[in-house]
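Please work through the exercises below with the structure open beside you, and try each task before you read its solution.

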Amino acid sequence: FIERLKMSGKAAIFGGLIRDLALGNARSFCSDADIVVDQVEDGALDRLFERQGATRNKYGGYRLEMGRWIFDVWAVNSTWAFKQNIVPRHSLGNLLETTFFNWDAVLFDMDDNHIICSPEYCEDLNSRLLSINLPDTPNEKGAAVKTLRLIASEAPFLSPELARFLHSAIEIHGIRELVELDQ
């Protein structure tokens, strides 16, 4: 599967899977694995996934189940922050600027077999400092729910900005609504 993806362009595992591995949660990882592809040509992923029987996800990428694994795969150019011109797109590494959380700003380049992250990434994980990396998000409620989930599972120290964001989200939406979204 990965080799076929790499024929469509430079591919990288992005965000949560790498974060959870770095936090020592490999055995308990139960989310989707996000993969981004810097397409060689427009439509390369579409052609690949038409043959795979994958379904479109809500952000324009593809969702594919293989055994116990769920993959969300999308073209780099369709990343929300790039499409909205919030973050300029210069290279695959610019994806690090597009995540809501600092802990998700990491990728594994599958062509070069190396991790790309900010210089403070490992220090933030080791010190358990969870903060906002990019405050703009297409899903404020989802970001609040994920914050609550990370608080429950990882007991991080929240940056003041993230604490204010969460407090505001709870005031606006109510804790019950946010908790119900997580079920």
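The exercises that follow deal with a predicted model, and they go from the sheet to the helices and then to the cores.

**Exercise 1.** Work out the order of the strands in the open sheet, and find which strands stand at its edges.

*Solution.* Begin by laying out the seven strands side by side, which gives the order β3-β4-β5-β2-β1-β6-β7 with mixed pairing. Next, look at the two ends of this order: β3 (55–56) and β7 (114–117) each have a single partner strand, so one side of each is left without a neighbour in the sheet.

**Exercise 2.** Determine the sense in which β2 pairs with β5, β1 with β6, and β6 with β7, and name a bridge partner in each case.

*Solution.* Take first β2 (residues 33–39) and β5 (residues 69–75), which are parallel and are linked by five bridges; here V36 has W74 of β5 as its bridge partner. Then turn to β1 (residues 9–14) and β6 (residues 106–109), which run antiparallel and are joined by three bridges, with I13 facing its bridge partner F108 in β6. Finally, β6 and β7 are also paired in the antiparallel sense, over four bridges, and L107 has I116 of β7 as its bridge partner. These two strands, β6 and β7, form a hairpin with four residues between them, and in the turn N113 has a positive phi of about 55°.

**Exercise 3.** Describe how α6 and α7 cross, and classify the residues that make their contact.

*Solution.* Start with the axes of α6 (residues 140–154) and α7 (residues 160–173), which come within 10 Å and cross at roughly 115°, and note that this crossing is left-handed. The residues in contact include A144, L148 and I151 of α6, as well as L162, F165 and L166 of α7. Sorting the contact by class then gives nine nonpolar, two polar and two charged residues.

**Exercise 4.** Find the residues of the largest nonpolar core that touch the most other members, and follow the contacts of I35.

*Solution.* The largest nonpolar core has 37 residues, of which F1, L5, I35, L45, F49 and V73 touch the most other members. Leaving aside residues up to four places away in sequence, I35 touches several others, among them F1, L5, I13, F71, V73, W74 and M110. A second, separate core has 14 residues, including F14, F82, L96 and L134. As background to such cores, nonpolar side chains tend to be buried together in soluble globular proteins.

Conventions
Residues are numbered from 1 along each chain as its sequence is written. This is a predicted model: local features need pLDDT of at least 70, side-chain atom pairs count only at pLDDT 80 or more; totals for chains, interfaces and linings use all residues. Side-chain values use heavy atoms; hydrogens and water are left out. A nonpolar core is a set of buried Ala, Val, Leu, Ile, Met, Phe, Trp, Tyr and Cys residues joined through side-chain atoms within 4.5 Å. Buried means under 20% relative accessible area, exposed over 50%, partly exposed in between (1.4 Å probe, protein chains only). Contact means heavy atoms within 4.5 Å. Two strands pair if DSSP finds at least two bridges between them. Axes are lines fitted to C-alpha atoms, for helices over the stretch in contact, and angles run from 0 to 180 degrees between N-to-C directions. A crossing is left-handed if the near helix is turned anticlockwise from the far one by less than a right angle, and right-handed if clockwise. Ala, Val, Leu, Ile, Met, Phe, Trp, Tyr, Cys and Pro count as nonpolar, Asp, Glu, Lys and Arg as charged, and the others, Gly among them, as polar.
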